[in-house]
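Here's a walk through a few spots in a two-chain model that are worth pulling up in your viewer. Have a look at the structure first, then read on.

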Amino acid sequence: MTQTDQASERAISGAELRLENVVKRYPGQKTAAVESLSLTIPAGEIVAFVGPSGCGKTTTLKMINRLIEPTSGTILIDGKDISQESATSLRRKIGYVIQGGSLFPHMSVAANVAVVPKMLGWDAKKISARTDELLDLVGLDPDRYRDRYPRELSGGQQQRVGVARGLAADPPVILMDEPFGAVDPITRQRLQDELISIQRELRKTIVCVTHDIDEAIKLGDRILILQEGATIAQYDTPDAILAAPANDFVHDFVGAGSSLKQLSLARVRSLDLVHPTTATVGEDTGPAVRRAEEAGDDAIVVLDDRGRPVAWPWLRQVRSNDRVKGSPRENLVTLDQAATLNDALDTMLTAAHSKVIVTGDRDKYLGVLDFETVTEHMRRTEREAAEHQLEQQEGAQADG
Amino acid sequence: MADTLPAQPAADALGEDELAPKSSARVITREMVLMLTVPPVLVAAVFGAFVWWRQTADLDSVEAQQLRWSELRSLGWEHVQLTVVAALIVVAIAVPLGIMLTRGRFRAASPVVIGIANAGQAAPSVGLIVLLFLWLDGGFWTAIWALSLYGILPVLRNTIVGIQGIDPTLVEAGRGLGMTSAMTLVKVELPLAVPVIMSGVRTALVLIAGTASLACFIDAGGLGEILQTGITLFRFSLMVTGAVLIALIALLIEWLGRVLELATRPKGI
C-alpha cells in the first residue's frame, strides 16, 4: 500500500452486521414479508436496500433494531446475537435516522441531538460538547442553531439534525429509513454529499433504505436489490450491478438507460479541478481584485477562516466594498467531492456561474469544476466504451 | 466563534434552499391575543356596571338582605371553590385514566369508558346532582362529586385524543432511539398532548362553573342561591344579579383556563 493510500485510509468505527435465515411472517398473511434472508454487511460500508414498495426492505431494517421482531433467524452485530440483549439497550447502540428527521417538536435542536447520550448517562459537559461537534459535522453552526426548535428550521436543516441525532452516541451501526425522502432534489443532493463526506471521516456501518436507485448508486458501497418477500435479486457493488444486472428484474429496476447511469457513478473527485482566485472574509479588496485581474478571473471565491467557501461574488460586486464580505454559508450551493457528475450538471444548470465549487471534509474548499471538464470526461468515457466494445467484437471474431 | 455570522442576523432566516420560518418558539396568533385580552376587559366593565347599579338602585329589604356585599362575596367564593376543587379532581382522575386507555391492552376498553362518560354527560345535570343527593345526602362534597362526574368527559376524551393524535413516527422514533415505553410516554407523548389535554380542562372548567349554580339545590352554596331566591320570591333584580354574576365567573374561569393552556404549552409547538 502506498503512502497516500495509508493516509486516506481511516480507522473503521463500524461493526459487521450479519443476517442469517431471517424470516418475518405476519399472522394471517399467506406470504412472508421477509422470506429467509441471509446477508453479510462488512464493517464500515454503506449498504443501500432498494426495491419496489412492499418488498420488505423497511421490515428488514426494523428487524435490525428490533422495532420488528423476526419470526425466526438470527441477526448478529459484530458477531453477537442481538436477541441476547434488551431491545432498548440494543437500540441505544444503533443509530436511527428517519425520513424528514422526525425530530421531537417540543425539544430544542440540542435536546434532540442529546436524547441518546442523555439516556446513556453522559455528563452534561460531555453532552453539550458532543452536540456542538455533531451540529458542526452536519453543517449547522452550533451557536446559531443549538437553541432553535425544529419548527424554526427548513426541511433540509431538520434532516441534518436528524442525522446528527442518529450519530450522537457514536454507534457502530446506523440505520437510515428513507433518510432524504422528504426534501427537495437539490437539498437531497447536498445531504447525500454530506453523508458521504461524514462517512469518509467516520467509517460506520450504515444501512440505508431507499426506493431511489440513483440514491442507492450514489451512496452505497454495495446495493442490495430486493424483490417481493425480501428475496435477494442482486447484492453487489454499484459498478457490478450496472455492468451486469443479475436478471430481468434488476435490469428493469436500474433502468434501461444504464449507460447514462454511469454519470451517476463517476465522482467529481476523479476530475481535474480549476483553481480560480480566492480571498478570505475580511481581507482588503484591493489586492484580491488585483490577483483576480492578473489571473483573468471575473469572480472570486470567498473563504472563511476555516477554509470553507462562503460566497462567490463577481468582481464588480467585490469592488463595491472595502473589505471582502461573506454571507451565510448555507446560501452558497457547493458540491462535495463525492458528488456524482449527474449532481454536478444539475448544480451547474441552476447556478449563476456555469461552474461549481467543490468541497471536501467539513466543507473545506478544494477547487472549482467547470462545464468543459465534465463534457470532456463524458466524451472520453463514451469513446473508451466504444473502443472497448470494438475490441470485444474483434476478440469475438478472432475466437470464432 | 465561527466567523461567518453576517452583520445582520435577520439574514440568517434564509435556510439552505428554502425559507426557514423565523419566529418565536411559541405560536401566538392574533386570535389568541384577542381571546386573552377581551374577556377580562368585558368582565371588568360588566362588573363595574353591576357595582354602580347595586350602589344606586332602590332596593327593598329582601333584596338588600340578599345582595349584601359580604353575602355576595361568600357565595362567589363558594362558587369558585366548588369549581376549582371539582376541576382538580377531574384532572386527577381523567388524565391518568385517559393515559391508561391509550396503553396496550387497555386500549380495547376505551370505547366502553368513553361511552360511560358520554352517558354521564348526557344525563341532565340536575338529575345527577339530585341522584347523588339521595345517595350521599347534601353538602359541599356531594356537590363536588356530582360536578366532577359531570366534568370528566372532556378531559378524558381530550387526553385520549391528544395522545392518539400524536404523529406515530415520533413515537416510533422515540422507541427506535432506545426509549422505554414509559420514557416515550413522559418525554414525547405527554408533552405533545398537553395542549389538547389543557383545552379539555378548560372546557371542563366552564362546564363545572355553570353547573355549580345548581349546587344550591343540595345545600352546597354558590351563586345559584341568589338566582334561586330570586325565582322563589319573584324578585327580578335578584334573578338578573344571579345570572350576571354566574356568567361573569364562568367567563373569568374560561379566561383562566386559556392562560393556563398557554402557560403549560411546551415551547416549540
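## Phe234(B), out in the open

Start with Phe234(B), which is exposed because just 8 other C-beta atoms lie within 10 Å, and the cut-off for exposed is 12 or fewer. Keep in mind that this is a predicted model. Phe234(B) sits in the loop between H9 and H10 of chain B. Its backbone is worth a click too: phi is positive, about 50°, although the residue is not a glycine.

## Thr229(B), a few steps back

Now step back into helix H9 of chain B, which covers residues 224-232 and holds Thr229(B). Is Thr229(B) buried or exposed? It counts as buried, because it has 20 C-beta neighbours inside 10 Å, and 20 or more is what it takes.

Who does Thr229(B) touch? Not counting residues up to four places away in sequence, its contacts are Gln66(B) and Leu238(B). Another pair to look at is Thr229(B) and Glu63(B): they're 166 residues apart along the chain, yet their C-alpha atoms are separated by 9.5 Å.

## How H3(B) and H10(B) cross

On the other side of the Phe234(B) loop comes H10, a helix of chain B spanning residues 236-264. Its partner here is helix H3 of chain B, residues 69-100, and the two axes come within 11 Å. They cross at roughly 40°. That angle is neither under 35 degrees nor in the 65 to 115 range, so H3(B) and H10(B) are oblique to each other. As for handedness, H3(B) passes H10(B) in a right-handed crossing.

Which residues make the contact? From H3(B) you get Gly76(B), His79(B), Val80(B) and Thr83(B), and from H10(B) they meet Leu245(B), Ile249(B) and Ile253(B). Sorted by type, the residues of this contact are four nonpolar and three polar, with no charged ones.

## Chain B as a whole

Zooming out, chain B has 10 helices and zero strands. Read from the N terminus, its elements go α-α-α-α-α-α-α-α-α-α.

Chain B has 269 residues, and 35% of them are buried. What about reach along the sequence? Taking the contacts in chain B with a separation of 6 or more, 76% are between residues 24 or more positions apart.

## A three-stranded sheet in chain A

Over in chain A there's an open sheet of three strands, in the order S14-S15-S16, with mixed pairing. Strand S14 (334-336) and strand S16 (365-370) of chain A are the edge strands, each pairing on one side only. From one strand to the next, the twist averages 35°.

Which way do S14(A) and S15(A) run relative to each other, parallel or antiparallel? They run parallel, with three bridges joining S14(A) to strand S15, residues 355-359 of chain A. For a specific bridge, check Asp336(A), whose partner in S15(A) is Thr359(A). There's a helix here as well: H16 of chain A, residues 341-350, lies across S14, S15 and S16 and runs at about 130° to S15(A).

## Val34(A), with plenty of neighbours

Val34(A) lies in strand S2 of chain A, residues 34-41. It counts as buried because 24 C-beta neighbours fall inside 10 Å. Leaving aside its neighbours within four places in sequence, Val34(A) is in contact with Val22(A), Val23(A), Lys24(A), Gly56(A), Thr59(A), Thr60(A), Gly229(A) and Ala230(A).

One of those contacts is Gly229(A). It is 195 residues from Val34(A) along the chain, and the two C-alpha atoms are separated by 4.7 Å.

## Two loop residues flanking H2(A)

Let's finish with two loops of chain A. Ser53(A) is in the loop between strand S3 (46-50) and H2 of chain A, while Arg66(A) is in the loop between helix H2 (57-64) and strand S4 (72-77) of chain A.

Ser53(A) is exposed because 7 other C-beta atoms lie within 10 Å. Its C-alpha atom and that of Glu16(A), 37 residues apart along the chain, are separated by 27 Å. Arg66(A), on the other hand, is buried because it has 20 other C-beta atoms within 10 Å. Phi of Arg66(A) is near 60°, a positive value in a residue other than glycine.

Definitions and conventions:
Residues numbered from 1 in each chain as written. Chains lettered and ligands numbered in written order. Predicted model: local features only at pLDDT ≥ 70, side-chain atom pairs only at ≥ 80, totals over all residues. Pairing = 2+ DSSP bridges. Helix = DSSP H or I, 4+ residues; strand = E, 2+ residues; numbered from the N terminus. Axes fitted to C-alpha atoms, helices over the stretch in contact; angles between N-to-C directions. Contact = placed C-beta atoms within 7 Å. Parallel < 35°, antiparallel > 145°, perpendicular 65-115°, else oblique. Left-handed = near helix turned anticlockwise from the far one by under 90°. Nonpolar A, V, L, I, M, F, W, Y, C, P; charged D, E, K, R; others polar.
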